[in-house]
Amino acid sequence: MEKLIISLSGELSRSELQTSLQLKDPEHFRSKYINEALNAGLIELTQPDKPKSSKQKYRLTSFGLRTKRVRRMSLEQAFSLEMKIDVTATKADELYGRGQIQSKFAFKCPEPNCNAQVTCANLDKPKSKRKRDPYFVFVSEHNIDCPLKGVNSYGRSPKYGDKTSDEVYVANSIKLNLVAPASKGIGINSNSDEESDTNNLKEKPNNSGTGKRKQQKSKTLSSMVDAFLASDNFAVETPDGLIELKDLFIEIDNQSIDDFSDEFRIYYGKAWINKNDKGYSVRFCNHLRYKNLDTSPSFFISNDLIDQDIYKKFSHEKLEKIANSKPKQIFLASQLGPYKSYKGEFINFKLEGLEYLDYRVLPAKN
């Protein structure tokens with residue numbers, strides 16, 4: 001499917017696409033490339049009302065265009081801590097199949113003076129179940145002078161949910177909005193107080209020839225949490241495609257991290273927030289496992305991240321009040337989920353930004 005997205009330019013028919021990818025079996029091409037790309041929201045029909053038209057062609061959606069653009073900025077190689085060489089994700093996949101590489105977490109930045117940890121996403125997933133081929137992801141911070149510091153290692157924009165002029169409307173679904181408000185000092189109390197999912201954003205269908213489209217309804221993370229806690233359920237558009245709200249949330253409850261898919265999810269559970277000189281460490285109460293390691297997963301909120309943010313909910317004053325006290329209910333949106341740190345016996349999450357985080361004060365026990 002990834003090859004299809006990279007190769008697609010303009011509007012092409014099925015046969016033109018199949019020829020460009022040098023694939024001979026039309027049924028395999030339709031099921032493994034066309035249908036999967038359509039279901040993931042990466043491509044669309046040029047004649048959606050006539051799906052079997054002989055003049056039918058395919059083009060990239062706005063999500064597909066963003067994915068294609070960012071793929072060109074992706075991390076091409078990483079240093080294998082097991083093989084002691086730089087490898088591509090394709091080579092890592094080959095070596096994993098031979099048993100020479102055994103962990104998708106055992107990679108680092110290819111720059112000699114940088115120790116940023118890298119995960120090879122999808123490496124441990126059977127090929128028949130992959131939505132995309134393995135790719136490298138930075139999961140810890142670079143050294144300050146690393147030339148790869150600005151590389152978008154996710155292969156897609158992490159600030160998912162930004163509105164684009166060519167956005168495709170997906171009926172009966174809600175987009176997860178992970179774009180922080182642009183201006184400082186507007187006094188936002190939480191991630192959900194000023195959300196963009198109201199009907200004001202939904203334009204009328206284009207029946208008058210004005211050229212206007214419906215705007216996709218969206219919710220911030222905190223609004224998604226509200227809906228989840230209220231036992232609502234609806235289709236959510238994430239960077240990995242559509243998923244039901246109830247399936248988007250994963251409670252941390254002693255699972256093996258090998259069981260988690262390398263797809264966008266919201267992880268949650270009770271956690272302690274503790275202050276230190278550099279910020280706030282967050283450690284979940286329940287454990288996760290990786291092979292012989294059984295420990296509480298954690299992540300870090302740096303002072304720099306707090307200083308850059310506009311949410312009152314994540315101000316130094318608010319966090320200081322709730323730190324070092326009773327556990328809070330923490331919700332963390334993550335592209336890849338927890339990973340095993342190569343620097344010690346730790347399981348960590350990477351916090352991309354405070355718009356990826358929400359917390360709730362637990363009710364007092366009677």
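**First stop: Glu320 and Lys275**

Select Glu320 and Lys275, whose side chains meet in a salt bridge of 3.3 Å from N to O. Glu320 belongs to helix α9 (residues 316-322) and Lys275 to strand β13 (residues 265-276), so the pair ties together parts that lie 45 residues apart in sequence. Glu320 is partly exposed, with a relative accessible area of 47%. Lys275 also counts as partly exposed, at 42% relative accessibility. Please keep in mind throughout the tour that this is a predicted model.

**The whole protein**

Now display the complete chain. How many helices and strands does the secondary structure of the protein come to? There are nine helices and 21 strands. Of the 366 residues in the protein, 49% are buried. The protein exposes about 18900 Å², and carbon and sulfur atoms supply 48% of that area. Among contacts between residues at least 6 apart in sequence, 60% join residues at least 24 apart.

**Further salt bridges**

The salt bridge at the first stop is one kind of link to look for elsewhere; the count for the structure comes to 18 salt bridges. Select Lys246 and Glu244, where the closest N and O atoms of the bridge are 3.5 Å apart. Lys246 is partly exposed, with a relative accessible area of 46%, and Glu244 is partly exposed as well, at 36%.

Move next to Lys340 and Glu345, whose side chains form a salt bridge of 3.7 Å, N to O. Is Lys340 buried or exposed? Lys340 is buried, with a relative accessible area of 14%, because buried means under 20%. Glu345, by contrast, is exposed, at 53%.

Then select Asp226, Lys313, Asp358 and Arg360 together: salt bridges with shared partners join these residues into one network.

**Strand β21**

Two members of that network, Asp358 and Arg360, are found in strand β21 (residues 357-360), which is covered on both faces. Leu357 and Tyr359 are buried on one side, while Asp358 and Arg360 are buried on the other. Add strand β18 (residues 328-334) to the selection; β18 and β21 pair in the antiparallel sense over four bridges. Within this pairing, Phe331 stands opposite Asp358 of β21.

**A four-stranded open sheet**

Select strands β8, β9, β10 and β11. These form an open sheet with mixed pairing, in the order β9-β8-β10-β11. Which strands stand at the edges? They are β9 (218-220) and β11 (241-244); each has a single partner strand, so one side of each is left without a neighbour in the sheet. On average, neighbouring strands of this sheet are turned by 40° against each other, direction ignored.

In the middle of the order, strand β8 (residues 173-177) and strand β10 (residues 235-238) run parallel and are joined by three bridges. Ser173 is the residue that stands opposite Ala235 in β10.

**Helix α6**

Keep the sheet visible and add helix α6. This helix lies across β8, β9 and β10, and runs at about 95° to β9. Helix α6 (residues 221-229) is mostly covered, with seven of its nine residues buried. The buried residues are Leu221, Ser222, Ser223, Met224, Val225, Ala227 and Phe228. Just after the helix, select Ser231, which takes a positive phi of about 65°.

**Aromatic pairs**

A search of the whole structure finds 13 aromatic pairs. Select Phe107 and Phe136: their ring centres are 5.4 Å apart and their planes stand at 55°, so the pair is tilted. Phe107 lies in strand β5 (residues 107-108) and Phe136 in strand β7 (residues 135-138), so the pair ties together parts 29 residues apart in sequence. Both Phe107 and Phe136 are buried.

Next, select Phe228 and Tyr268, an edge-to-face pair with 5.4 Å from centre to centre and 65° between the planes. Phe228 is part of helix α6 and Tyr268 of strand β13, so this pair ties together parts 40 residues apart in sequence. Phe228 and Tyr268 are both buried. Finally for the rings, select Phe260, Tyr267, Phe284, Phe299 and Phe349, which form one aromatic cluster.

**Last stop: Thr119**

Select Thr119, which is placed in strand β6 (residues 117-121). Thr119 is buried, with a relative accessible area of 2%. Which residues is Thr119 in contact with, leaving aside its neighbours within four places in sequence? They are Lys104, Phe105, Tyr135, Phe136, Val137, Val139, Leu336 and Tyr339.

Note on methods. Residues are numbered from 1 along each chain as its sequence is written. This is a predicted model: local features need pLDDT of at least 70, side-chain atom pairs count only at pLDDT 80 or more; totals for chains, interfaces and linings use all residues. Side-chain values use heavy atoms; hydrogens and water are left out. Buried means under 20% relative accessible area, exposed over 50%, partly exposed in between (1.4 Å probe, protein chains only). A salt bridge is a side-chain nitrogen of Lys or Arg within 4 Å of a carboxyl oxygen of Asp or Glu. Contact means heavy atoms within 4.5 Å. Accessible areas come from the Shrake-Rupley method with a 1.4 Å probe; for residues, only the protein chains shown count as cover. Two strands pair if DSSP finds at least two bridges between them. Axes are lines fitted to C-alpha atoms, for helices over the stretch in contact, and angles run from 0 to 180 degrees between N-to-C directions. Rings of Phe, Tyr and Trp (its six-membered ring) pair if their centres lie within 6.5 Å; planes under 30 degrees apart count as stacked, over 60 as edge-to-face and the rest as tilted.
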